[in-house]
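Visitor: I should like to learn how to read a protein chain step by step. May we go through it together?

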Amino acid sequence: NVAANNAGGFYVGSNESLIMSGGVIEANEASNNGGAIYSNQGTIQLSNTAYIPAGTPEKNVVYLYGTSVLTIQNTLNPPDGSGGIVAQITPQTYADNKPVLSGTSALLNDNCNKFTVTKDPADTAISYWEINSSGELEKHSKYAMVGDTVCEDLTSLKNAIKSATGDITVVLGNSITATDIGKYNSTGTIAEKIKNSTADTI
């Protein structure tokens, strides 16, 4: 289904409930928000084999308006081929410690990694959001990026720059230490690449 505004699949208002203990909500999209589900302070309960694949591109997502959350009723078991992911969540606003899941402490701890979070359009390419074991949003930063290449550590950062051709943009994450940068600057071949790139400093 394709919605001209919001809620391609389901709209769940403040006095409404959606209880999903299995089955699949898929292949929906909306011109604005909530391709799969748009929750406007409604009650949404997920359990067992409930599955809401975002699809490619990511359109079949769950939009949480205001303080809306998804409630986990018991252990979620997405199907084979899902990568262990039940659904992708798009919050109306992004903030550290904002609740997006509810349930017992044990259920949140065991199921929080079964959800992904849509990238915040206001973030840089290096930033991303996850859901922590308390069911809350948590912002993270990749180690570094060289162009579109994600670097997980100093070695992969060096290798990405060495293999790059032409102008390159290097973006450093918050986890890079002063010691790392010192090591990085002391390597002549890498320093030469930086010198000829669009990045001013490293």
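Visitor: Of the residues of the chain, what percentage count as buried?

Guide: Please bear in mind that this is a predicted model. A residue counts as buried when its relative accessible area is under 20%. Of the 202 residues in the chain, the share that meets this condition is 42%.

Visitor: How many helices and how many strands are there in the chain?

Guide: Both kinds of element occur in this chain. The count is 4 helices and 16 strands.

Visitor: Among contacts between residues at least 6 apart in sequence, what percentage join residues at least 24 apart?

Guide: A contact here requires heavy atoms within 4.5 Å. Taking the contacts in the chain between residues at least 6 apart in sequence, one asks what part joins residues at least 24 apart, and that part is 71%.

Visitor: Which peptide bond is cis?

Guide: As background, most peptide bonds are trans. In this chain, an omega near -5° marks a cis bond that leads into Pro57. Pro57 itself is placed in the loop between strand E6 (43-48) and strand E7 (62-65). The cis bond runs from Thr56 to Pro57.

Visitor: Is Ala27 buried or exposed?

Guide: Ala27 belongs to the loop between strand E3 (17-20) and strand E4 (29-30). Although Ala27 is not a glycine, its phi is positive, at about 60°. Its relative accessible area is 67%, and the cut-off for this class is over 50%, so Ala27 is exposed.

Visitor: What is the phi of Asn48, and how accessible is Asn48?

Guide: Most residues other than glycine have a negative phi. Asn48, which lies in strand E6, has a positive phi near 55°. Its relative accessibility is 33%, which falls between the limits of 20% and 50%, and therefore Asn48 counts as partly exposed.

Visitor: Which residues does Asn48 touch, not counting those up to four places away in sequence?

Guide: One of them is Thr75, which is 27 residues from Asn48 in sequence. In space, the C-alpha atoms of Asn48 and Thr75 are 6.1 Å apart. With residues up to four places away left out, Asn48 touches Ser21, Asn74, Thr75, Leu76 and Asn77.

How values were computed
Residues are numbered from 1 along each chain as its sequence is written. This is a predicted model: local features need pLDDT of at least 70, side-chain atom pairs count only at pLDDT 80 or more; totals for chains, interfaces and linings use all residues. Side-chain values use heavy atoms; hydrogens and water are left out. Helices (H or I, at least four residues) and strands (E, at least two) are DSSP runs, numbered from the N terminus. Buried means under 20% relative accessible area, exposed over 50%, partly exposed in between (1.4 Å probe, protein chains only).
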